[in-house]
Amino acid sequence: MSTAARLRVGAGEAALFASDMHLGDHDPDTAAQFFSELEAQTPSLSHLFLLGDIFEAWVGDDQPDRVAAELAARIAALTDRGVHVAVMRGNRDFLLGTDTRAPAWPTRCGAVLLGDEEVLDLFGQRVLIAHGDAWCTDDEAYQRFRTEVRSPAWQQSFLSKPLAERLAIARHLREQSELSKQSNDLGDVNEGAVREALQAAGVRCVIHGHTHRPGRYPVPPSGERWVLPDWLARDGRRGMLRVDAEGWHLGR
């Protein structure tokens with residue numbers, strides 16, 4: 001199944017977009033909610049795009065996570081039926097598919113791993129998709145961290161550590177991230193950065209996640225961005241974007 005086929009949605013097809021589910025064994029309720037919604041949507045689905053932060057944390061493709069295994073099985077069942085499934089890395093699962101010591105998680109379930117930004121053909125309209133964290137340029141500390149952990153040297157060093165140590169480091173990074181969010185509100189995208197990305201891609205529309213601010217927003221002078229919801233069962237947060245012949249539908 002070619003990457004080009006996964007990035008083109010046309011007549012008689014339907015695409016579903018989701019991000020920021022933060023799945024893991026730590027939160028079975030959110031996982032159950034997401035799996036239930038995915039199952040309800042799939043009978044008429046041709047394409048599924050998961051745009052990062054699929055998992056709460058990802059320390060390597062050898063991660064022993066039952067929820068990740070269940071999602072892989074569900075995706076494998078979709079791809080066996082001919083559904084095109086593509087996934088992106090987010091800021092919580094930036095190591096997805098990078099560990100060469102184990103079969104890559106996307107490969108195991110039949111999905112294709114996309115780059116940080118991709119352009120789709122949605123019913124003849126060119127649309128940019130991304131996780132969105134790279135456009136949060138006002139948060140300079142996070143951007144420095146992002147550059148560091150995306151470097152091959154950092155990733156090779158991290159993945160060489162024992163699994164227990166990697167899991168402990170991931171917990172510490174999540175705790176630091178939560179403290180940072182409490183002390184500032186720099187988590188939204190920078191409009192100028194989004195505008196530059198749209199211009200570079202030659203498009204007027206973008207779909208992204210990361211910010212937990214779902215909705216449809218203008219990008220002056222003539223663009224727009226669709227922001228996907230995050231998921232947390234105990235707070236009632238959930239939602240997906242469906243694009244089909246009848247239009248764009250952002251469910252929350």
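The legends below describe close-up views of a predicted model.

**View A. Surroundings of R225 in strand β10.**
R225 belongs to strand β10, which covers residues 223-227. This arginine is buried but has no salt bridge. The nearest side chain of opposite charge is that of D188, 4.0 Å away. A polar contact of 3.0 Å joins the side chain of R225 to the side chain of H208. Not counting residues up to four places away in sequence, R225 touches D188, V189, V194, V206, H208, G215, R216, Y217 and V219. D188 and H208 are thus named among the residues that R225 touches.

**View B. Packing of helix α2 against helix α3.**
Helix α2 spans residues 28-41 and helix α3 spans residues 66-80. Their axes come within 11 Å and cross at roughly 5°. Because angles under 35 degrees count as roughly parallel, α2 is described as roughly parallel to α3. On the α2 side the contact is made by A31, F34, F35 and E39. On the α3 side V67, E70, L71 and R74 take part.

**View C. Salt bridge between E56 and R174.**
The closest N and O atoms of E56 and R174 are 3.8 Å apart, and the two residues form a salt bridge. The pair links distant parts of the chain, 118 residues apart. E56 sits in the loop between β3 (47-51) and α3, while R174 sits in helix α7 (residues 163-183). E56 has a relative accessibility of 22% and so counts as partly exposed. R174, at 15%, counts as buried, because the buried class takes in residues under 20%. Both residues belong to a network of salt bridges that links D53, E56, R92 and R174. The structure as a whole holds 16 salt bridges.

**View D. Salt bridge between D116 and R146.**
The side chains of D116 and R146 meet in a salt bridge, at 3.4 Å from N to O. D116 lies in the loop between β5 (112-113) and β6 (117-122), and R146 lies in helix α5 (residues 140-149), so the pair ties together parts that are 30 residues apart in sequence. D116 counts as partly exposed, at 38% relative accessibility. R146 counts as buried, at 13% relative accessibility.

**View E. Salt bridge between D235 and R237.**
D235 and R237 form a salt bridge in which the closest N and O atoms are 3.2 Å apart. D235 is partly exposed, with a relative accessible area of 47%. R237 is also partly exposed, its relative accessible area being 32%.

**View F. Surroundings of L198 in helix α8.**
L198 is placed in helix α8, which runs over residues 191-201. With a relative accessibility of 5%, this leucine counts as buried. Leaving aside neighbours within four places in sequence, L198 is in contact with L128, V203, R204, C205, V206 and V219. L198 and K161 are separated by 37 residues in sequence and by 39 Å in space, taken from C-alpha to C-alpha. V206 and V219, among the contacts of L198, are also among the residues that R225 touches in View A.

Technical notes:
Residues are numbered from 1 along each chain as its sequence is written. This is a predicted model: local features need pLDDT of at least 70, side-chain atom pairs count only at pLDDT 80 or more; totals for chains, interfaces and linings use all residues. Side-chain values use heavy atoms; hydrogens and water are left out. Helices (H or I, at least four residues) and strands (E, at least two) are DSSP runs, numbered from the N terminus. Buried means under 20% relative accessible area, exposed over 50%, partly exposed in between (1.4 Å probe, protein chains only). Lys and Arg count as positive and Asp and Glu as negative; His and the chain ends are not counted. A polar contact is a pair of N or O atoms within 3.5 Å; within protein, one must be able to donate a hydrogen and the other to accept it, and residues adjacent in sequence count only if both atoms are side-chain atoms. Contact means heavy atoms within 4.5 Å. Axes are lines fitted to C-alpha atoms, for helices over the stretch in contact, and angles run from 0 to 180 degrees between N-to-C directions. Angles under 35 degrees count as roughly parallel, over 145 as roughly antiparallel, 65 to 115 as roughly perpendicular and the rest as oblique.
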